[in-house]
Amino acid sequence: MNTANAANAANAFLAWVIVALVMAFIPVCISTESEGDWPQFHMDPQHKGASLSSAPNSNQTAWISENIGAQEGSSVSVAEGRVFVNCIDRLVCLDQSSGQVLWNASFRATPDTCQVWGFSPAYDDGKVFLSGSCTVCLNASDGRELWSFAPPTGRGSVDGGPAVAEGRVVVSDWDGHHYYCLDEETGKELWNFPVEGNAQSTPAVGGGKVIFAGWEWGLGGKIYGVGLDSGSEIWNLSTKNSPCGSVALSQDVAYLTAYSFEGDGDVMAVSLENGSLLWQESIIRTDSTPVLAGGLLYVCGGTDGFSDKATYCFDAKTGDLIWKTLEDDGIGEWRCSPAYADGLLFVGQTENMNYTALHALNASTGEMVWSYPAGGSSPAVAGSMVFTIGSGKVYAFGQGRNAP
Amino acid sequence: MKAILILLSFIFLFGNVSASDWPQFQKDGFHSGVSPDQIPYHPLILWSADVQRVDATPIVSSGLVYVLAGNGSLSAFDKQSGGLVWLSRMDGWVFQTSTPASSGKAVFAATDSGILAAFIAQTGEELCNRSLTDKRFEAPLTYLDGRIYLGEGSAYGTGEKKYICLFENGTECWNLTTQTKGYMWCGACTSGEYLIFGQNDGKLLSLNRSRGEVADELNLNDSTRISFSRPNPGRIRASVAYAGDGIYTTSESSAQEGFAWKIGFDGKTGRFENRGWSAPVGFSTSTPAVVGDRVYLGVGEHGHPGALACLNDSSGEMIWSYPVDAGVKSSPAISIASKMPRILFTTSQVNGSVYCLEDRGAKAELLWKLDPPDNGYILGGVAISNGRIYFGTEGDQHYGKLYCLGDGAGVEGWPQFHSNAEHTGFSDSQAPLSNNFAWISRNIGAQPGSSVSVAEGKAFINCVNNLTCLDQQSGEVLWIFPFNASGDFAFGFTPVYSRERVFFISDRTYCLNASDGEKVWSYALPTGRFAVDASPGIADGRIVVSDWDGHHYYCLDEVTGKELWNFTVDGNAQSTPAIAGSRVVFAAWDWGLGGKIYCAHLGNGSEIWNISTENSPCGSAAIQDETVYMATYNFNGDGDLLALSLANGSVLWKAQVSPTDSTPALAGGRVYLCGGCQGFSELLTYCFAASSGELIWRTPAKERIGDWRCSPAYADGLLFAGRANFTEYGGIFALNASNGETAWSYPEGGSSPAVAGGMVFTIGQGRVYAFGNSRQEGGLE
């Protein structure tokens with residue numbers, strides 16, 4: 001009922017065939033993370049947004065936090081049995097099983113009106129990283145500050161969060177026009193990379209490269225492939241629309257969206273090796289980071305008041321559309337990066353730019369399996385639980401790791 | 001007769017509004033953006049009001065200010081008092097950029113939810129409310145001749161979108177449907193029978209206003225129509241203004257590139273003509289304003305530096321550009337009440353500012369910049385009405401403010417040393433006609449030689465090692481703030497009031513809450529030296545202080561106390577800095593070496609000029625009409641009163657006076673000064689002609705009126721001066737300012753007087769004397 005493309009049986013059947021074929025040829029991704037964790041934005045340094053965890057098959061909540069002022073549009077990170085939440089000017093740590101507040105640490109938010117969905121915290125090796133006016137490294141157990149890095153431009157990050165990989169933290173300073181690679185232990189700057197336009201991506205790291213973008217009003221933007229060790233440019237690709245979001249990486253392809261302020265935007269597949277464009281499809285305007293799972297790409301888009309909203313599934317290799325939700329259902333949003341686990345795609349819904357629902361869709365067909373009338377901000381799946389933010393609260397679904 | 005006809009047609013077109021009103025976007029149906037009214041020279045927040053959030057410019061009509069909040073509520077405030085008169089809700093979402101319009105009888109507003117509603121102007125009663133579009137309303141409403149004009153917004157990309165004409169009751173008169181990206185920020189102006197507006201696609205349309213028939217359309221890239229077309233003009237996201245024989249607008253293709261346009265327009269045929277220019281000014285969404293042969297507009301996108309640009313109306317060439325640190329997305333509002341146009345604009349950033357420039361011909365001079373106390377974003381522009389200005393901020397998703405700024409000089413108070421930042425020692429207050437006192441404080445240890453500052457109904461007193469706040473009316477002690485005093489000074493500092501705070505310098509510069517004396521911040525002078533006999537000067541969010549034998553002046557941020565710049569001088573830094581526009585004047589002196597008077601740029605501390613003086617400039621300057629007046633002390637004979645050019649420091653005239661550190665009072669083209677050091681020289685008070693330095697009168701020496709430490713005060717035809725009694729004071733004298741004759745006197749007090757709210761304040765024998773108004777002894781004696 002909510003799949004425009006599978007509205008007739010023939011198409012649905014065809015979709016199934018494609019899924020089956022694609023899945024047969026794509027090796028299962030091997031994650032180094034525990035299936036109990038969702039340690040950073042969109043799960044891993046590659047931002048694939050897919051978890052090996054099982055996922056709840058009903059909308060039963062494990063807990064709902066108080067209104068802790070959680071940043072609408074951001075995602076939580078989960079590790080060590082803790083949930084780390086961006087609460088605009090403080091980071092709050094909740095107990096994963098109970099939702100109880102364990103600690104909170106204040107920080108200086110970037111005072112820019114363009115800050116729309118903020119950063120998602122990143123966890124690694126007992127430390128949590130956030131990026132506001134400065135990049136701050138906190139002790140995950142008690143929130144104590146270990147180091148902080150102030151971008152030399154004096155500008156703070158806007159909607160771009162930290163990525164952590166291989167002992168490095170890569171961050172951005174928006175209209176300071178830079179990405180910075182920092183030493184994870186000390187916060188010392190290892191290199192920086194100036195971009196044209198606003199540095200707004202949460203960088204993706206994979207295959208020895210870091211991928212991020214810069215965009216500017218009216219000028220579209222550029223995607224950059226940079227050596228993780230050297231900080232030197234390997235390739236760049238100009239885009240007509242604005243790459244305001246973040247990249248998801250497979251073994252050898254970078255996937256991302258580009259926003260259009262005047263109509264439909266794009267979802268693109270770019271060679272990780274040389275930056276050449278492999279395919280590009282028009283979708284409703286979005287900053288969403290695509291999900292990569294089982295050879296399929298999931299993405300959503302749409303801005304209340306300016307466009308329709310929908311969630312899509314493409315063949316990651318060819319760019320063929322597998323399914324798409326009906327515009328009338330209004331599932332998905334430009335700030336929402338969906339999450340995949342256990343055959344389900346989790347995606348949010350908004351009204352007037354406020355998150356009002358979380359949906360679990362059948363990842364193969366786009367049909368709704370369950371939904372909940374609150375939350376919806378970029379979901380995270382960890383330890384058989386799903387977490388999402390809405391109206392300042394954190395919603396946790398599922399039995400949890402301690403369940404029988 | 002012609003003027004009357006124009007006025008009549010103006011009233012007919014734009015409704016029942018006065019020339020001082022600002023009833024729609026950029027003031028009128030031409031979008032002139034130009035007001036005949038004065039604007040504040042010493043901006044002071046007269047009132048502010050909480051409004052959910054404000055992204056559009058307020059409008060002013062029939063005694064009320066109307067502001068549309070982000071959530072779609074329309075509020076009407078009394079423009080004098082700021083009191084809420086009515087509030088009406090419309091269906092709105094988060095981001096209202098459609099500036100409302102008033103006919104005088106009704107107010108019309110449109111929201112991003114596609115609602116257009118009308119309300120009775122005085123009561124807020126809803127006249128009509130229509131849901132007209134799902135594509136948002138994002139453009140200023142234009143009200144003309146009993147009709148409202150508005151286009152559909154940018155939602156859903158390119159498609160069939162309407163420009164709509166409605167009657168006052170909300171019923172449709174006509175609409176024009178075209179394939180377009182929409183009309184975000186594209187408000188319409190009028191010329192003759194025609195309505196002219198832009199499209200986000202980079203196209204201009206001219207329609208017959210009564211029927212909606214298209215008279216002409218022009219793509220800005222159409223080189224067959226206009227010789228100054230541009231291949232990539234980008235989007236028009238500004239309104240159109242009409243002036244003279246052309247229309248003006250701006251376009252932008254990216255954050256880096258955009259154009260200002262003047263296009264010839266024939267008001268008889270409604271056709272665009274191949275006359276005009278396009279100027280590559282950079283990104284602009286500003287609607288130009290035209291005064292004489294100059295075109296003013298804002299430049300710059302959010303997140304980028306910006307500027308206010310002034311172009312030649314006949315060529316489009318840049319005459320000057322005043323750079324600011326953030327994009328200027330709103331449209332300039334201009335006052336033509338002064339000799340040169342004064343331009344108000346806002347900067348689009350968090351913690352945005354309001355700027356006031358004066359066009360000085362080849363360049364612009366910053367008259368003031370005001371950072372409102374909230375950290376809000378400012379997207380809308382400024383409305384001017386009756387000497388006041390109005391603008392709004394958006395603090396965050398749920399909070400904003402509407403501000404009314406008036407002129408601080410018109411407020412009853414004496415907030416700084418010698419009244420104001422220019423130190424003119426002038427008050428427009430009434431002054432007491434007799435020596436009846438309102439109250440005399442007990443001996444609170446008030447510093448002889450210092451002056452009182454008055455604001456918010458409070459008097460702030462330097463009591464040597466504490467700052468005491470008294471109630472202005474009763475003399476009752478409200479609070480006391482103790483501090484470390486150096487002991488090494490002659491007349492000490494005068495406390496300075498600005499925006500609910502009190503400032504003074506001792507070993508540190510202190511900023512206190514005026515209401516309770518609580519410390520807000522303090523700044524330790526880096527040299528570790530104390531200020532001596534100098535007070536802070538405050539203007540434009542900056543406070544300038546000194547450290548005497550540390551040989552520095554420091555400019556601090558008024559809000560945070562952070563040092564912005566410092567300036568090293570030869571000798572002792574002893575002046576209370578005088579500030580006029582973007583210039584600050586102070587001096588330094590050294591025993592036996594005379595000294596120097598300096599003029600520095602308030603913004604960055606760079607030196608503009610300095611002059612060396614034979615005698616010692618130990619006091620402070622007063623500035624008026626581009627002239628600096630300052631006395632220099634002579635330890636061996638008569639000193640000098642100097643008049644200098646503010647522009648370059650050249651000496652305009654010089655007069656010999658009894659040695660003094662007195663700061664001259666400036667009023668009515670005259671310069672008043674006290675001098676003399678009891679036991680060494682005669683105590684005298686002088687009046688000179690400001691333009692020539694010619695002596696007009698001088699008090700007889702036997703009257704012993706004057707003192708080297710005393711800076712006289714002028715109000716209401718009277719000059720108030722003190723009589724020294726060695727280190728103390730022995731009387732205050734109210735002199736007839738025109739001839740120097742004593743109008744009244746009181747045998748106590750005499751330290752540099754201050755006049756505020758019809759009262760005169762002076763210090764003597766540790767007490768504060770308050771003259772005028774009701775007589776009472778609030779001082780418990």
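Colleague: What pLDDT does chain B average, and what share of its residues score at least 70?

Modeller: This is a predicted model, in which local features need pLDDT of at least 70 and side-chain atom pairs count only at pLDDT 80 or more, while totals for chains, interfaces and linings use all residues. Residues are numbered from 1 along each chain as its sequence is written, with chains lettered from A and ligands numbered from 1 in the order in which they are written. Chain B averages a pLDDT of 92 (the predictor's confidence in each residue, from 0 to 100), and 95% of its residues score at least 70.

Colleague: Where in chain B is the pLDDT below 50?

Modeller: Residues 1-12 of chain B fall below 50, and beyond near neighbours in sequence this stretch has one contact in the model. Two residues are in contact if their C-beta atoms, placed from the backbone, lie within 7 Å. Residues 774-781 of chain B are also below 50, with 21 contacts beyond near neighbours in sequence. Where pLDDT is low, the predicted coordinates should not be read in detail. For the model as a whole, ipTM is 0.80 and pTM is 0.69.

Colleague: Why does A:S384 count as buried?

Modeller: The test counts other C-beta atoms within 10 Å of the residue's own, all placed from the backbone: 20 or more is buried, 12 or fewer exposed, and anything in between partly exposed. A:S384 has 21 such neighbours, so it counts as buried. A:S384 sits in the loop between β32 (380-382) and β33 (385-390) of chain A. Helices (H or I, at least four residues) and strands (E, at least two) are DSSP runs, numbered from the N terminus. The phi of A:S384 is near 65 degrees, a positive value in a residue other than glycine.

Colleague: Why is A:E35 called partly exposed?

Modeller: A:E35 has 16 other C-beta atoms within 10 Å, a count between the two cut-offs, so partly exposed is the right label. A:E35 belongs to the loop between α1 (9-25) and β1 (50-51) of chain A. Leaving out residues up to four places away in sequence, A:E35 touches A:S51, A:L52 and A:S53. From A:E35 to A:S384 is 349 residues in sequence but 8.4 Å in space, C-alpha to C-alpha.

Colleague: And what makes B:E626 partly exposed?

Modeller: B:E626 has 13 C-beta neighbours inside 10 Å, so its count also falls in the in-between range. Its place is the loop between β53 (622-624) and β54 (627-632) of chain B. Although B:E626 is not a glycine, it has a positive phi of about 65 degrees.

Colleague: How do you know that β8(A) and β9(A) pair?

Modeller: Two strands pair if DSSP finds at least two bridges between them. Five bridges join β8 (residues 127-131) to β9 of chain A, so they pair, running antiparallel. A:F129 has A:C137 as its bridge partner in β9(A), and a hairpin of three residues links the two strands. On to β10(A) (residues 145-149) there are four bridges, again antiparallel, and A:C137 is bridged to A:W147 there. Five residues lie between β9(A) and β10(A) in their hairpin, where A:G143 in the turn has a positive phi of about 80 degrees.

Colleague: What makes β9(A) mostly covered?

Modeller: Four of the five residues of β9(A), which spans 135-139, are buried. Across chain A, buried residues make up 58% of the 404 residues, and the chain has one helix and 34 strands. In chain B, 59% of the 781 residues are buried, with one helix and 67 strands.

Colleague: What makes a set of residues a nonpolar core?

Modeller: The members are buried Ala, Val, Leu, Ile, Met, Phe, Trp, Tyr and Cys residues, joined through C-beta atoms within 7 Å. The largest core has 123 residues, of which B:V585, B:F761 and B:V768 touch the most other members. Strand β50 (residues 583-590) of chain B gives the largest share of this core, six residues. Apart from it lies another core, of 121 residues, including B:A117 and B:Y296.

Colleague: How many residues of chain B are in contact with chain A?

Modeller: 23 residues of chain B are in contact with 17 residues of chain A. The chain B side divides into seven nonpolar, eleven polar and five charged. Here Ala, Val, Leu, Ile, Met, Phe, Trp, Tyr, Cys and Pro count as nonpolar, Asp, Glu, Lys and Arg as charged, and the others, Gly among them, as polar.
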